[in-house]
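Trainee: I should like to go through this structure with you and ask, at each step, how a given term is justified.

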2 protein chains.
Amino acid sequence: MSVQLHHEDCRVVLPSVPSESIDLIVTDPPYLMDYKSGWRKEAFDKIVGDKDGHELIRTSFAEMARVLKQNSAVYVFCSWHHVDFFKREFEQHFTLKNLLVWVKNNTGPGDLEASYAPMHELVLYGMKGRRLLKGGRTPDVIRFKRVNGESMIHPTEKPVDLCRFFIEKSSEPGDVVLDPFMGSGTTGEAALSCDRQFIGIEIAANHFMTSKARLSQIQPVLF
Amino acid sequence: MSVQLHHEDCRVVLPSVPSESIDLIVTDPPYLMDYKSGWRKEAFDKIVGDKDGHELIRTSFAEMARVLKQNSAVYVFCSWHHVDFFKREFEQHFTLKNLLVWVKNNTGPGDLEASYAPMHELVLYGMKGRRLLKGGRTPDVIRFKRVNGESMIHPTEKPVDLCRFFIEKSSEPGDVVLDPFMGSGTTGEAALSCDRQFIGIEIAANHFMTSKARLSQIQPVLF
DNA sequence: ACTACGGTTGAATCCTGAA
DNA sequence: GTTCAGGATTCAACCGTAG
């Protein structure tokens with residue numbers, strides 16, 4: 001059992017991960033949206049969505065496909081704004097099985113007069129080979145409460161419960177879960193909470209420190 | 001006030017529709033999936049999903065953009081399987097404002113062991129120019145009961161309530177609603193039920209007869 | 001032409017206090 | 001202790017305008 005964290009660009013770290021050594025990937029890459037919260041602008045830096053973003057996704061997806069074991073699953077968060085790009089890149093490496101809909105508990109802003117109020121995010125769910133889901137059949141529309149703003153430590157933080165839901169659906173205790181875009185370490189916390197091993201990669205120093213501290217509280221962390 | 005129906009390929013009919021004469025488009029084109037209902041296959045013909053399908057979407061979208069008035073909205077049903085293709089074609093002609101999620105009340109079939117159970121369909125919502133939504137702000141996740149199998153007269157039939165919801169959000173009484181892929185006439189029934197005019201086009205003889213009969217019961221139909 | 005910034009909705013949920 | 005009503009809170013935006 002172990003937790004292994006890397007403070008580095010995942011494009012640098014992944015090539016040193018052995019092929020077919022990962023049992024499950026659950027990750028939340030940058031949405032390439034030039035997003036900056038207008039509500040908590042002092043709290044978080046802008047998430048970059050530069051031209052490099054497309055290359056980042058392409059390269060990391062290819063490496064993710066290499067390190068993933070046969071008959072193992074992948075979950076990639078994504079927004080509808082660029083779902084076409086993410087879907088096509090995803091399908092170059094994995095069999096896309098569902099476009100899951102995460103329905104949140106409240107709406108966001110946006111165009112207040114001419115748009116419907118954003119209340120969901122998408123998750124590309126796929127696999128290499130064929131892997132069955134555990135725990136019975138569940139709908140592809142999944143409702144989970146958003147992380148409460150006060151306790152939020154990353155601007156786009158995902159609920160631990162949602163990540164654990166995916167992990168328990170698509171892996172076994174003891175399996176190795178990878179997140180190449182670790183952020184605040186939500187996937188890591190979810191993995192450890194249900195007895196999986198975890199490998200996390202994060203390029204940003206502040207987020208890396210956050211997740212290192214967060215996961216160290218649960219279990220000794222290796223580097 | 002009028003209902004106008006055409007039994008023909010929409011690529012043939014649309015060129016004769018004047019530019020900027022339509023107030024709203026709500027349509028459910030073929031999903032390009034080689035769809036065939038496994039449990040009622042005898043009831044419906046296979047909906048064609050051949051290479052011609054891509055050309056059909058491209059050509060009809062271009063014509064839809066031409067006939068639509070400035071500052072008017074478009075709703076196009078689509079499944080996640082080809083959302084990348086539909087999104088890109090849509091964005092060549094319209095401003096995409098939302099990817100709406102229609103959540104059904106029950107799940108469909110599909111891979112029973114390795115997939116999540118399909119419970120939603122997508123709707124591309126966009127516009128030409130800028131058009132405000134009526135009736136307050138509503139979430140982009142919309143729950144409506146699916147048309148049940150027994151009363152279904154078309155394999156991909158959408159609920160009248162859902163179509164009426166879109167129509168009332170994005171048009172005024174007396175406006176002209178167009179559906180170039182009329183199918184069983186659901187959009188037409190929805191349009192008439194809230195006092196809009198309707199132009200419907202359907203290539204398949206059986207579906208055309210169905211919708212002609214269905215709409216004639218509500219209002220005299222022109223050809 | 002760009003970039004940066006201020007202002008804004010409605011809905012779900014949580015909190016607080018009273019019945 | 002429990003329920004319920006009312007207030008507070010928050011939002012993987014986007015428009016319009018100013019510089």
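**Reasoning from values to terms**

Mentor: Let us begin with the DNA: a phosphate oxygen of DNA strand C is 2.9 Å from an N or O atom in the side chain of Lys145(A). Please keep in mind that this is a predicted model.

Trainee: What makes the pair formed by Lys145(A) and the phosphate oxygen of DNA strand C a polar contact?

Mentor: The cut-off for a pair of N or O atoms is 3.5 Å. The separation is 2.9 Å, so the pair qualifies as a polar contact.

Trainee: Which part of DNA strand C lies 2.7 Å from a polar side-chain atom of Thr107(A)?

Mentor: For Thr107(A), the partner is a base nitrogen of the strand. Asn105(A) instead offers a polar backbone atom, placed 2.6 Å from a sugar or linking oxygen of DNA strand C.

Trainee: How many residues surround DNA strand C?

Mentor: There are 10, and the closest are Asn105(A), Thr107(A), Leu112(A), Lys145(A) and Arg137(B). Of the strand atoms that come within 4 Å of the protein, 60% belong to sugar and phosphate. By class, the surface near the strand comprises four charged, three polar and three nonpolar residues.

Trainee: Let us turn to the two protein chains. Why is the relation between chain A and chain B that of a two-fold axis?

Mentor: A turn of 179° with a shift of 0.0 Å along the axis lays chain A on chain B, with an RMSD of 0.2 Å. This is therefore the relation of a two-fold axis. The same surface serves both copies, since 98% of the contact residues of chain A recur in chain B.

Trainee: Which residue of chain A comes closest to the rotation axis?

Mentor: That residue is Asp84(A), whose C-alpha lies 2.0 Å from the axis.

Trainee: Why does Asp84(B) count as buried?

Mentor: Buried means under 20% relative accessible area. Asp84(B) has 7%, so it counts as buried. Asp84(B) belongs to helix α3 of chain B, residues 83-91, and touches Asp84(A), Lys87(A), Arg88(A) and Glu91(A). Its side chain makes a polar contact of 2.9 Å with that of Lys87(A) and another of 2.8 Å with that of Arg88(A).

Trainee: How do you know whether Asp140(B) is buried or exposed?

Mentor: Its relative accessible area is 0%, so Asp140(B) is buried. Asp140(B) sits in the loop between β5 (120-128) and β6 (141-143) of chain B. Its contacts come from both chains, including Tyr116(A), His120(A), Asn98(B) and Val101(B). The C-alpha atoms of Asp140(B) and Val101(B) are 6.3 Å apart, although 39 residues separate the two along the chain.

Trainee: What makes Lys134(B) partly exposed?

Mentor: Partly exposed covers the range between 20% and 50%. With a relative accessible area of 30%, Lys134(B) therefore falls in that class. Lys134(B) is likewise in the loop between β5 and β6 of chain B. Its contacts include Glu168(B), Pro173(B) and Arg196(B), and a polar contact of 3.2 Å joins its side chain to that of Glu172(B).

Trainee: What makes helix α5 (residues 186-193) of chain B mostly covered?

Mentor: Six of its eight residues are buried. They are Thr186(B), Thr187(B), Gly188(B), Ala190(B), Ala191(B) and Leu192(B). Among the elements of chain B they pack against are β1 (3-7), α4 (160-170) and α6 (205-216). After α5(B) comes Asp195(B), with a positive phi near 70°.

Trainee: Where does Asn71(A) lie, and what is the value of its phi?

Mentor: Asn71(A) lies in strand β3 of chain A, residues 68-78. Its phi is near 60°, which is positive although the residue is not glycine. At 37% relative accessibility, Asn71(A) is between the two limits and so counts as partly exposed.

Trainee: Finally, which residues have the most contacts inside the largest nonpolar core?

Mentor: They are Ile22(A) and Ile22(B), in a core of 72 residues. Ile22(A) touches, among others, Val17(A), Val67(A), Leu68(A), Val176(A), Leu178(A) and Ile199(A). In soluble globular proteins, nonpolar side chains tend to be buried together.

Technical notes
Residues are numbered from 1 along each chain as its sequence is written. Chains are lettered from A and ligands numbered from 1 in the order in which they are written. This is a predicted model: local features need pLDDT of at least 70, side-chain atom pairs count only at pLDDT 80 or more; totals for chains, interfaces and linings use all residues. Side-chain values use heavy atoms; hydrogens and water are left out. A residue is near a molecule or strand if one of its heavy atoms lies within 4 Å of it. A polar contact is a pair of N or O atoms within 3.5 Å; within protein, one must be able to donate a hydrogen and the other to accept it, and residues adjacent in sequence count only if both atoms are side-chain atoms. Ala, Val, Leu, Ile, Met, Phe, Trp, Tyr, Cys and Pro count as nonpolar, Asp, Glu, Lys and Arg as charged, and the others, Gly among them, as polar. Helices (H or I, at least four residues) and strands (E, at least two) are DSSP runs, numbered from the N terminus. Buried means under 20% relative accessible area, exposed over 50%, partly exposed in between (1.4 Å probe, protein chains only). Contact means heavy atoms within 4.5 Å. Copies are superposed by least squares on the C-alpha atoms of residues with pLDDT of at least 70 in both. A nonpolar core is a set of buried Ala, Val, Leu, Ile, Met, Phe, Trp, Tyr and Cys residues joined through side-chain atoms within 4.5 Å. Lists of a residue's contacts leave out its neighbours within four places in sequence.
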